[in-house]
Structures are given as structure tokens and as C-alpha cells.
Amino acid sequence: MQGTVDGFSYGLVTPVAAYLMACLGGALGLRCTTRSLLVAHSWRPGWLALGSAAIGSGIWTMHFIAMMGFTVEEAPIHYDKALTFASLAVAIVMVGIGIFIVGYRGATGTALFTGGTITGLGVASMHYLGMAGMRLRGSLEYNTLTVSASVVIAVVAASAALWAAAQVRGFLWSLGASLVMGLAVSGMHYTGMAALSVHLHGSSAAPATGDSPAELLAPMMIGPLAFLLLAGVIVMFDPLMVMGKADLQNAAQRQHAPYPVPRSGDRHAPRTGRKPSQRPGSKTPQSW
């Protein structure tokens, strides 16, 4: 028999909280990716790794906060811890591959396509591996067309996010990109959930008993949430995080660039308020 599925048992609380976590992870990851493009090559892997872990943790936390509101009326839900944490590892590794490709190759068409595809597949793999970790008295069935749509959403969202990170613009640009990324990741999640139906085993429908999904999942998310908080502190206290590359260069030129010294015969030398004297019959200024 078919189970009665409810993805919003807590109302709008879980979708809104999940969206905010996706935005937070996306914002931290995008700013770390942007920061990696402003430093020497020796520091770049560290910033890219931090960005990968931030985005991966953000989308994983978003998924399981949303799953707190998911219930099947006739059957209690449990989660396999090994598969649950394996989905976190898959998200971080595959997102990391995509970010490193763009971080080292730049925002070229090939790099964005390859990196965005791998990152998007990582987001989708995290979602469906996390769903495979569910344990209940029944089996999960998916609509193939809707699943395909969720994967396409994930790939497009990841490509757009990587392109935004590679633009190296100001803080507001990255903030807007993270909001769009959070919306796309949440859309991918709920599109994937719309593809789900639960086929219960057994003929009798027993009422759900046992721990709620919130009680099961909340302890698992302490680590990723603590990591996102730590990453947020690192980003907040980095002075280069709030400026894009162009703003950073302009600020440095205004504060530290020396006044150019004019040279003899230089037509592009800056004017100092006095005209150079000229020799009779000469078309060029006399040497300074």
C-alpha cells in the first residue's frame, strides 16, 4: 500500500531554515573561492578546500533540516548513520572537485561546464544517498522524469554559482549569488522529494511510533553546524572578504602607489603646473 507522505509536518519552519542554511553555506563557499583568486598559489588550495567544505556542509545541513519535516504517517522513520555521513563526504568531495577546476582554470566555458556538472552531480548524489539512508517499513520509489529535472536544476545552479564566484566582485554580488544558489539548492531538494512515493510493506497500517526525524537528525548536524560557524568567523575577520579584486586594487593604488616621476622627453608625463621651456626651433620640450 502507498504511505501518506508529508514533507511539511512543521509548516514553513523547516523549508525556511533549510533555505537559510543553504544560503549560509553558499555565501561562505563563494567568498572563500573568490578569496582564493586574490592570493598566491601556495595559499589557494587552502581557501578552495575551505570553500568546498562550506558549500558541502551547507547543502548537507539544508537537506537534513528539510528532512526533519518529512514524515510517513503509517511508518516511523530512522536513518542509517554510515550512509548519512557518507552523503556529507560525497557532497564535500564532489563540490571540491568542481571548485578546484574553476579555481585553477578560471571562468572559461570548459571549466564552468566541467566544474558545474561535477558539483551539480555532487549535490544530487548527496540528496539521493541521504535518502537511501532512510530506514522505514517500506520502499522508496521515484518518478524518473522528476528526478532528472532535479539533477538538471542542481547542475545549472552549481554552474551559475561557480561563474559568480569566478567574477571576483564585491560582497553584495556574492551575497546575491548565494541567495540564488540557496533557492536553487532548495528547489532541487523539493523537486527530488516531489518525485518520491513510499510503498509500505505489509497489509496493516500501524500508527507511527518511535523517535521523530528531528530527534534523530539534530545530533548528527552539530558537527557541520559548528564548522559553518567557524568558517563564518574566518570569513568575517578576513579584511579582503568584503571587497572584490577591482576594489582591492584601486584601494591599494590610492594608499600605496608612489607619484610617478617624470622622465626626459616623456610625452605622457603628468603636468606639474609649469610649462617646460623650449629651445629655439625645437619641437620637443627641454629636459626636466
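For sorting the residues around a cavity, Ala, Val, Leu, Ile, Met, Phe, Trp, Tyr, Cys and Pro count as nonpolar, Asp, Glu, Lys and Arg as charged, and the others, Gly among them, as polar. With that split in hand, the lining of the largest cavity in this predicted model comes out as 11 nonpolar residues, one polar and no charged. The space inside this cavity is about 70 Å³, and the count of cavities of 30 Å³ or more comes to three.

Who sits around the largest cavity? The lining is made up of Ile55, Val95, Thr119, Val123, Ile153, Ala154, Ala157, Ala158, Met181, Ala184, Val185 and Met188. Thr119 is the polar one, because Thr is not on the nonpolar or the charged list and the others count as polar. Helices α4 (109-132), α5 (144-166) and α6 (171-194) each put at least two residues into this lining.

Stepping back to the whole fold, the protein chain has nine helices and six strands. Of its 288 residues, 43% are buried. Long-range pairing is a clear theme: taking contacts between residues at least 6 apart in sequence, 86% join residues at least 24 apart.

As background, nonpolar side chains in soluble globular proteins tend to be buried together. Here, the largest nonpolar core has 59 residues, and those with the most contacts inside it are Met67, Phe70, Val72 and Tyr79. Two or more residues of this core come from each of α1, α2 (44-68), α3 (81-105), α4, α5, α6, β6 (196-200) and α8 (222-236). Helix α2 gives the largest share, 13 residues.

Several individual residues show how the helices meet. Starting with α1 (residues 13-36), this helix holds Thr14. Thr14 has a relative accessible area of 5%, so it is buried, the cut-off being under 20%. Apart from neighbours within four places in sequence, Thr14 is in contact with Ile65, Ala66, Met68, Gly69 and Tyr190.

Two cysteines are worth a look as well. Cys23 counts as buried because its relative accessible area is 7%, and Cys32 does so because its relative accessibility is 0%. How many disulfides does a search of the whole structure find? It finds zero. A disulfide is a covalent bond between the sulfur atoms of two cysteines. Cys23 does have a distant partner in sequence: Ala177 is 154 residues away along the chain, yet the two are 8.9 Å apart in space, C-alpha to C-alpha.

Ala177 itself lies in helix α6. With a relative accessible area of 15%, Ala177 falls under the 20% cut-off and is therefore buried. Not counting residues up to four places away in sequence, Ala177 touches Leu30 and Ala164.

Helix α6 also carries Thr191. The C-alpha atoms of Thr191 and Ser150 are separated by 5.5 Å, although the two residues are 41 apart along the chain. Ser150 is also among the contacts of Thr191, together with Thr146, Ala149 and Ile153, once neighbours within four places in sequence are left aside. Ile153 turns up again in the lining of the largest cavity.

In helix α5 there is Ala166. Is Ala166 buried or exposed? At 17% relative accessibility, Ala166 is under 20% and so counts as buried. Leaving aside neighbours within four places in sequence, its contacts are Leu37, Val102 and Ala107. Thr33 is 133 residues from Ala166 along the chain, with 7.5 Å between their C-alpha atoms.

Leu129, in helix α4, gives another case. Its relative accessible area of 24% is why Leu129 is called partly exposed, a label for values between the 20% and 50% cut-offs. Outside its neighbours within four places in sequence, Leu129 is in contact with Leu83, Ala86, Ser87 and Val90. C-alpha to C-alpha, Leu129 and Thr84 are 7.5 Å apart in space and 45 residues apart in sequence.

Terms used. Residues are numbered from 1 along each chain as its sequence is written. This is a predicted model: local features need pLDDT of at least 70, side-chain atom pairs count only at pLDDT 80 or more; totals for chains, interfaces and linings use all residues. Side-chain values use heavy atoms; hydrogens and water are left out. Helices (H or I, at least four residues) and strands (E, at least two) are DSSP runs, numbered from the N terminus. Buried means under 20% relative accessible area, exposed over 50%, partly exposed in between (1.4 Å probe, protein chains only). Contact means heavy atoms within 4.5 Å. A disulfide is a pair of cysteine sulfur atoms within 2.5 Å. On a 1 Å grid over the protein atoms alone, a cavity is a set of points where a 1.4 Å probe fits but cannot get out, and a pocket is an open set with protein on both sides within 12 Å along at least five of seven lines; lining residues have an atom within 4 Å of a point. Grid points are joined across faces, edges and corners, and a volume is the space filled by probe spheres set on the points. A nonpolar core is a set of buried Ala, Val, Leu, Ile, Met, Phe, Trp, Tyr and Cys residues joined through side-chain atoms within 4.5 Å.
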